[in-house]
Amino acid sequence: MILDPAATWSLHPQLAADTLGVGDLPLSRVLISLDANYPWLILAPRRPGLVEILDLDETARVQLMEEIAGVAGALKQVTACDKLNIAALGNVVPQLHVHVVARRKNDPAWPAPVWGRVAPRPYDQAKLDRFVAALGKKLGLDGDC
């Protein structure tokens, strides 16, 4: 894939509608899914025109893997989850993004995938604020995005 160097990055409107920004890592914006059924983070690399991980150059692919590992580790520490699910699907939203979902054996979809199992549930604002603060602290993010 040839990317236009003059293009600017923006978050896909569906991701923007379904998430809250936590902050930016060197490559990716860290987002929280607003579905309170699962502690669910999304990494969106801030490069225009990306669809697949292979669209990143080698240096950026390595950076993305490091960011996935860091975010996954922070999510596991904050949630004490039983399992992490990590996926880059893009069937609905074509912009490259990576899901990092904390799973518990008693969550509404266990052991199946989270997509479409139950209706999204909004966060209680105080709980969301605590989650954002805990993740931001673990990841060293300031929340400006």
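Me: How many bridges join β3 to β5, and do these strands run parallel or antiparallel?

Reply: In this predicted model, β3 and β5 run antiparallel and are joined by 4 bridges. The requirement for pairing is at least two bridges, so the 4 between β3 and β5 qualify them as paired strands. Within this pairing, isoleucine 42 stands opposite histidine 99 in β5.

Me: What makes β2 a partner of β3, and in which sense do they pair?

Reply: Strand β2 (residues 28–33) pairs with β3 over 5 bridges in the antiparallel sense. At least two are needed, and therefore 5 bridges satisfy the criterion. Leucine 41 in β3 is the bridge partner of isoleucine 32. The two strands form a hairpin, with 6 residues between them.

Me: Why is β3 described as largely enclosed by the rest of the structure?

Reply: The description holds because 6 of the 6 residues of β3 are buried. Both faces are covered: Trp40, Ile42 and Ala44 are buried on one side, and Leu41, Leu43 and Pro45 on the other.

Me: What makes the pair of tryptophan 40 and tryptophan 115 edge-to-face?

Reply: The structure holds 3 aromatic pairs. In the pair formed by tryptophan 40 and tryptophan 115, the ring centres are 5.7 Å apart and the planes stand at 85°. Centres within 6.5 Å make a pair, and planes over 60 degrees apart make it edge-to-face, so both values lead to that name. The pair links distant parts of the chain, 75 residues apart: tryptophan 40 lies in strand β3 (residues 40–45), and tryptophan 115 in the loop between β5 and α3 (125–139). Ring pairs also link Tyr38, Trp40 and Trp115 into a cluster.

Me: How do you know whether tryptophan 40 is buried or exposed, and what is tryptophan 115 called?

Reply: Tryptophan 40 has 7% relative accessibility; the limit for buried is under 20%, so tryptophan 40 counts as buried. Tryptophan 115, at 39%, falls between that limit and the 50% above which a residue is exposed, and is therefore partly exposed.

Me: Why is the pair of tyrosine 123 and phenylalanine 131 called stacked?

Reply: The planes of tyrosine 123 and phenylalanine 131 are at 25°, with the ring centres 6.2 Å apart. Stacked requires planes under 30 degrees apart, so the name applies. Both tyrosine 123 and phenylalanine 131 are buried.

Me: How do you know that the buried residues of α2 line one face of the helix?

Reply: The buried residues of α2 include Leu64, Ile68, Val71 and Leu75. Seen down the helix axis, the buried residues fall within an arc of 165°, so they line one face. Their cover includes β2, β3, β4, β5 and α3. The face turned away from the buried side carries the exposed residues Glu58, Thr59, Glu66 and Gln77.

Me: Why is glutamine 77 called exposed?

Reply: Glutamine 77, in helix α2 (residues 58–79), has a relative accessible area of 54%. The threshold for exposed is over 50%, so glutamine 77 meets it.

Me: Is glutamine 95 buried or exposed, and what makes it so?

Reply: Glutamine 95 is buried, because its relative accessible area of 13% is under 20%. Glutamine 95 lies in the loop between β4 (83–87) and β5 (98–103), and the residues it touches include Trp9, His12 and Leu50.

Technical notes
Residues are numbered from 1 along each chain as its sequence is written. This is a predicted model: local features need pLDDT of at least 70, side-chain atom pairs count only at pLDDT 80 or more; totals for chains, interfaces and linings use all residues. Side-chain values use heavy atoms; hydrogens and water are left out. Buried means under 20% relative accessible area, exposed over 50%, partly exposed in between (1.4 Å probe, protein chains only). Contact means heavy atoms within 4.5 Å. Rings of Phe, Tyr and Trp (its six-membered ring) pair if their centres lie within 6.5 Å; planes under 30 degrees apart count as stacked, over 60 as edge-to-face and the rest as tilted. The arc is that of the directions from the helix axis to the C-beta atoms. Lists of a residue's contacts leave out its neighbours within four places in sequence.
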